[in-house]
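Colleague: I have a structure open on my screen and would like to walk through it with you. Could you show it here too, so that we can talk through its parts?

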Amino acid sequence: MPPSASIPLFVLLGALGLLAASGVASAWIGRWSERGSVWLGVSGSAGACLAGLGAALAALAFRAEGTLSFPWSLPYGAFSVGIDPLSAFFLIPTFLLSGLAAAYAVGYFRPWNGRNPGRFWLFYNALVASMALVALARNGVLFLVAWEAMSLVSFFLVVHDDAGAGVREAGWIYLVATHIGTAFLLALFILLGRAGGSQDFAAYAVPAGSAGGLFALALVGFGTKAGLVPFHVWLPEAHPAAPSPVSAVMSGVMIKTGIYGIVRTLVLLGAVPGWCAWLMLGMGAVSGVFGVLFALAQRDLKRLLAYSSIENVGLVAMGIGLGMLGVHHGLPAVAALGFAGGLLHVLNHAVFKGLLFLGAGSVAHATGTRNVERMGGLLRRMPWTGAAFVAGSVAICGLPPFNGFTGEFLIYVGSFKMLLGAGSAALGGLLALVALALIGGLAAACFTRAFGIAFLGEPRSSAAEQVHEAPLSMRGPMLVLAALCLAIGLGAGGVVRLMEPAVAMLVGSAAVDAGRNSAPWLFPIACGAVMLLLLALIGSLALLRRRLLAGRSVRRAVTWDCGYAAPAASMQYTATGFAQPLTQAAAALLRPEIESRPPEGIFPAAASFHAETPDAARERLFDPLFRGAAKWLGRLRWLQQGRVHWYILYLVVVLAVLLAWALRS
Amino acid sequence: MGNAIDILLVLLVLTDLVLLGSSRLRNAIRIVALQGLALGLLPLLAHGRGRLWPAILLGAGSAVLKGFVFPALLRRALRETRASREIEPFVGYIASLLLGVGALALSFGFGARLPLPWAAPSPWMVPAGLFSVWTGLFLIVARRKAITQVLGYVVMENGIFALGMVLVEAMPLLVELGVLLDIFVAVFVMGIIVFHINREFDHIDSDQLEALREGAP
């Protein structure tokens, strides 16, 4: 293995060790010293993330590839870890966001009131380590161990505030969903390993004609973690329940391990049949539209962000689906643009969704509620948080010059190329374009609403009046992320250049060249230049406005004044009211439960309106499914006698049958 | 040598049958202790070309644990809980014995067909070991008291011990030591739990634990 690969790999393993050691030490020290525990946890986490980020960047820049293998006494297992551009690319957002969220958590959890901070830091650092190990693993058993560890420790983080019954229920839903997903992955790895004779990734072989089925297994297993519709049900439950730094990491990076899994499976499988690409593209489009529509109907700020994560994972899936279609139909430029767009959006979404969840955490921390209907006017009281939130909102809507634009733009260009040059497969480009446009418009509406209702206007409750700005430890990470949103947007050409080797692993380097040549004004620095031009335009418009207003008197007035003599906060648009035209148009899908008492008569006295939008997949697919399963399995209750004797008898019978079966010949 | 092993194995089978038919707890504990002591000799006789010292260590350790420590623990539990000295079976003694004879026949059937990596020191070894495992499991399932269940575990481990002697060259003694340690911990813990169950519930009928199951009345 060349030193360009072995040095980053050892640094990464050292970072994993530091994470594990600092987490355990933090939990141990926390019994005596709160300050020591927090300090140990955050310094271990931040130090490991910094080292890991550096190693991952270096590995990607030098196109490092190599595998280290240590013997392991587990059957079929080997502690095989490796680095290649794909792993390095996914490690970058992992370490970046995790380190910043760790710094944020210091201020977020203060004061601890006598509780042991180690119970957070132990699991948090373990989560970061296991996510990194998922990206590094080169053995099926090691991968599954890391995957399970990631699921379990994130469960413990979700139920951190376990006093609330809602939090515990959300935790259970998450635990069940993630284990069902893992069951599919187990089948996938067993099938791949059986054909190859070993659980090492390098030895995996695909039985003839089964690539499509194996990809479907991966899509269900990894799609559950990624939050693709209809496997997303845990996401809008678990993300709001978790503490905000955890939601940021889970939404920004952890669900991307699902995307990593799908992409890694593509590398392992080689060629997949065409219907897989259509399935991926279709699921992406459905997830995107579904996610953003439900986000539009939420009043809980973090739940809204969780649905928006489903939307963004949908965008990533559409990019990957487009890339797969391009590969299948022999369109190298489309393939490169699709995969590059999808992967770039992974990085972008980690940055801006991390930022938005941290912002939502600051707001919830200050106001004591997550309900946007009880916020309002926060921008004047929390200017830094507000500015960071607006940067994240603009980025997530895919507006230049922020980073959200870049990934989506690559997917757009790829779709146009598909539409123009693909003959029979042009339909895929059309589907992607329609979905992208719809998602973009709805996302803009959704975040206008979220930002406008929460931060603009007048306070809607006394809690929103008495807020003050978040402490520096919380503001700092948000501002860094906001700056990154802008920086990645401006330097998109360089970022795409950096991630080219990762794309080349999926489509081959010739296709990457084709992609670069097909949009020459996109890949190089020109992209940043266009962005700078836009910034200059905005700046000169602002200057012009100042010039024009220079000689006039400017009067400040209450927002949403509307010319009333005595305006009140309740006259403002509510979040529900703002979204109503759109949610009503999509009522067939959303199925809101509305209780309304419209005003009656000439002098109406009392009127009320209440709308609730439960998750469609949960209401109509999973709830009936699980209820049915519970009913049928309830008939086996008689097996559960409650007597140890009976349980051991079952074991004896099974053992005897197995022995007889083994000796049957 | 072969003769001595055969005698020990016959002893194992006979003590198992006595256990199936025995109705007194104190008696049963004494028989299990005797079984443990006798099996302690087995590694010495069967170690074959393997090294002698580990075999002596294993045999002595096993004999001390099963012959003296376990019985002492169990007697103490019996004394402290002041349980009645009756075994209280779910399956009657005669029926137990008949089932035991059936299991013995099956064990011989299985033993003949079980593919072994190499020849056992004695043709009796696999059937006797299997039979002891079945007897142990049967005692766990078919007897009411927690103490008889502990006895069942020890008898089962005796069977595993005898089976392990067949593979003494393939299976390192370390594995056997591990099993022994497990059983030791199990007996130790169960001795304590039996005592505590008794103190909480005034009896040590493990079938009464069903009150703890999900959805119990």
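Modeller: Let us begin with helix 18 of chain A, whose buried residues are A:M474, A:R475, A:P477, A:M478, A:L481, A:A482, A:L484, A:C485, A:I488, A:G489 and A:L490. Please keep in mind throughout that this is a predicted model.

Colleague: What span should helix 18 of chain A have, and how far apart are its end C-alpha atoms?

Modeller: Helix 18 of chain A covers residues 472–490, which is 19 residues, and at 1.5 Å a residue it should span 27 Å. Its end C-alpha atoms are 26 Å apart, so the model agrees with that expectation.

Colleague: And why would residues three or four places apart in an α-helix point the same way?

Modeller: That is because an α-helix has 3.6 residues a turn.

Colleague: Changing topic, how many residues of strand 3 of chain A are buried?

Modeller: The count is zero among the five residues of strand 3 of chain A, residues 593–597, and this strand is hardly covered.

Colleague: Which way do strand 3 and strand 4 of chain A run, and how many bridges join them?

Modeller: They run antiparallel, and five bridges join strand 3 to strand 4, which takes in residues 608–612 of chain A. To find one matching position on your screen, look for A:E593, which stands opposite A:E612 in strand 4 of chain A.

Colleague: What about the loop just before strand 3 of chain A, where A:R591 lies?

Modeller: A:R591 lies between helix 23, residues 587–590, and strand 3 of chain A, and its phi is near 50 degrees, a positive value in a residue other than glycine. Most residues other than glycine have a negative phi. With 14 C-beta neighbours inside 10 Å, A:R591 counts as partly exposed, because that class lies between the 12 or fewer of an exposed residue and the 20 or more of a buried one.

Colleague: Where is A:R63, and what is its phi?

Modeller: A:R63 is in the loop between helix 2, residues 34–61, and strand 1, residues 66–71, of chain A, and its phi is also positive, near 50 degrees. A:R63 has 16 other C-beta atoms within 10 Å and is partly exposed.

Colleague: Which peptide bonds are cis, for instance at A:P111 and A:P230?

Modeller: The bond from A:R110 to A:P111 is cis, with omega near -5 degrees, and A:P111 sits in the loop between helix 3 (85–109) and helix 4 (118–136) of chain A. A cis bond also joins A:V229 and A:P230, with omega about 5 degrees, and A:P230 is in the loop between helix 7 (211–226) and helix 8 (235–241) of chain A. Most peptide bonds are trans.

Colleague: How is chain A divided into domains?

Modeller: Domain 1 of chain A runs over 1–272, while domain 2 takes in 280–545 + 572–587. Between these two domains, 41 residues of domain 1 are in contact with 45 residues of domain 2.

Colleague: Which helix supplies the largest share of the side of domain 1 that touches domain 2?

Modeller: Helix 9 of chain A does, with 14 residues. The residues on that side of domain 1 of chain A divide into 30 nonpolar, eight polar and three charged.

Colleague: Lastly, how many helices and strands does chain B have?

Modeller: Chain B has eight helices and zero strands, and buried residues make up 43% of its 217 residues.

How values were computed: Residues are numbered from 1 along each chain as its sequence is written. Chains are lettered from A and ligands numbered from 1 in the order in which they are written. This is a predicted model: local features need pLDDT of at least 70, side-chain atom pairs count only at pLDDT 80 or more; totals for chains, interfaces and linings use all residues. Helices (H or I, at least four residues) and strands (E, at least two) are DSSP runs, numbered from the N terminus. The expected span of a helix is 1.5 Å times one less than its number of residues. Two strands pair if DSSP finds at least two bridges between them. Domain bounds come from an automatic or database domain assignment. Two residues are in contact if their C-beta atoms, placed from the backbone, lie within 7 Å. Ala, Val, Leu, Ile, Met, Phe, Trp, Tyr, Cys and Pro count as nonpolar, Asp, Glu, Lys and Arg as charged, and the others, Gly among them, as polar.
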